[in-house]
Amino acid sequence: MKMGTTASPWRYDGARGSAQFLAGQRPRSAGVLRLLAARKLVVDNSQLIAYAVNSMIRSFKSKPLAELWEKGRTAKIDAKMHERVLRRLDRLDAAATPQEMNIPGFDFHALRGFKPTRYSVHVNGPWCITFEFEDGDACRVDFDRYH
């Protein structure tokens, strides 16, 4: 091996036309996938596609909340709350029923007077994430200030 170069963790199988990650795990960064594309290796993205399709958050009412979820940042929500909001959205994305959001510290409760039923989880101060559930998916997720 030459000085200043690193060994690739990928082994290319020309007979199969595929690449195998030597450490036995999938790459986690997009940079690795771009590296593979530059080497013209075939990568099976079926698991990544299946993950995106199985997302449990179907729609947002709040544009800043959607931007935070998609990009990981937004200027329209206080930066001090980003981590707390994303933690709750991650849990909401994994939840199949509203009751799975009943976690200590989330202050989960159903809101009265809404049809279909809206639920709320506390974020910080008067800020809450409200949402509805339809067919096992969270929809119309909003970032509200109330009380």
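**Salt bridges and strands: a conversation**

Modeller: In this predicted model, Asp137 and Arg58 form a salt bridge, with their closest N and O atoms 3.6 Å apart. The pair links distant parts of the chain: Asp137 sits in strand β6, Arg58 in the loop between α2 (46–53) and α3 (63–71), 79 residues apart.

Colleague: Why is the contact of Asp137 with Arg58 called a salt bridge?

Modeller: The cut-off is 4 Å between a side-chain nitrogen of Lys or Arg and a carboxyl oxygen of Asp or Glu. Asp137 and Arg58 come to 3.6 Å, so the pair is within 4 Å and qualifies.

Colleague: And what makes Arg58 partly exposed?

Modeller: Partly exposed lies between the 20% and 50% limits. Arg58 has a relative accessible area of 43%, so it counts as partly exposed.

Colleague: How do you know that Glu134 and Arg140 meet in a salt bridge?

Modeller: Their N to O distance is 2.6 Å, so this pair is also within 4 Å. Salt bridges that share partners join Arg58, Arg118, Glu132, Glu134, Asp137 and Arg140 into one network.

Colleague: Arg118 is in that network. Why is Arg118 called buried?

Modeller: Buried means under 20% relative accessible area. Arg118 has 5%, so it is buried. This residue belongs to strand β4, and its contacts include Lys61, Leu111, Phe131 and Asp142.

Colleague: What makes the approach of Arg118 to the backbone oxygen of Arg140 a polar contact?

Modeller: A polar contact needs N or O atoms within 3.5 Å, one able to donate a hydrogen and the other to accept it. The side chain of Arg118 reaches that backbone oxygen of Arg140 at 3.1 Å, so the distance fits.

Colleague: How do you know that β4 and β5 pair?

Modeller: Pairing takes at least two bridges. Six bridges join strand β4 (residues 118–124) to β5, so they pair, and they run antiparallel. One bridge partner in β5 is Trp127, opposite Asn124. By that rule β5 and strand β6 (residues 137–145) pair too, because seven bridges join them, again antiparallel.

Colleague: Why is β5 described as largely enclosed?

Modeller: Six of the eight residues of strand β5 (residues 127–134) are buried, so the rest of the structure largely encloses it.

Colleague: Back to charged pairs. Why are Arg87 and Glu83 about one helical turn apart?

Modeller: They are four residues apart in helix α4 (residues 82–94), and that makes about one helical turn. They form a salt bridge with closest N and O atoms 3.0 Å apart. Glu83, at 57%, is over 50% and therefore exposed, whereas Arg87 is partly exposed at 40%.

Key:
Residues are numbered from 1 along each chain as its sequence is written. This is a predicted model: local features need pLDDT of at least 70, side-chain atom pairs count only at pLDDT 80 or more; totals for chains, interfaces and linings use all residues. Side-chain values use heavy atoms; hydrogens and water are left out. Buried means under 20% relative accessible area, exposed over 50%, partly exposed in between (1.4 Å probe, protein chains only). Helices (H or I, at least four residues) and strands (E, at least two) are DSSP runs, numbered from the N terminus. Contact means heavy atoms within 4.5 Å. Lists of a residue's contacts leave out its neighbours within four places in sequence.
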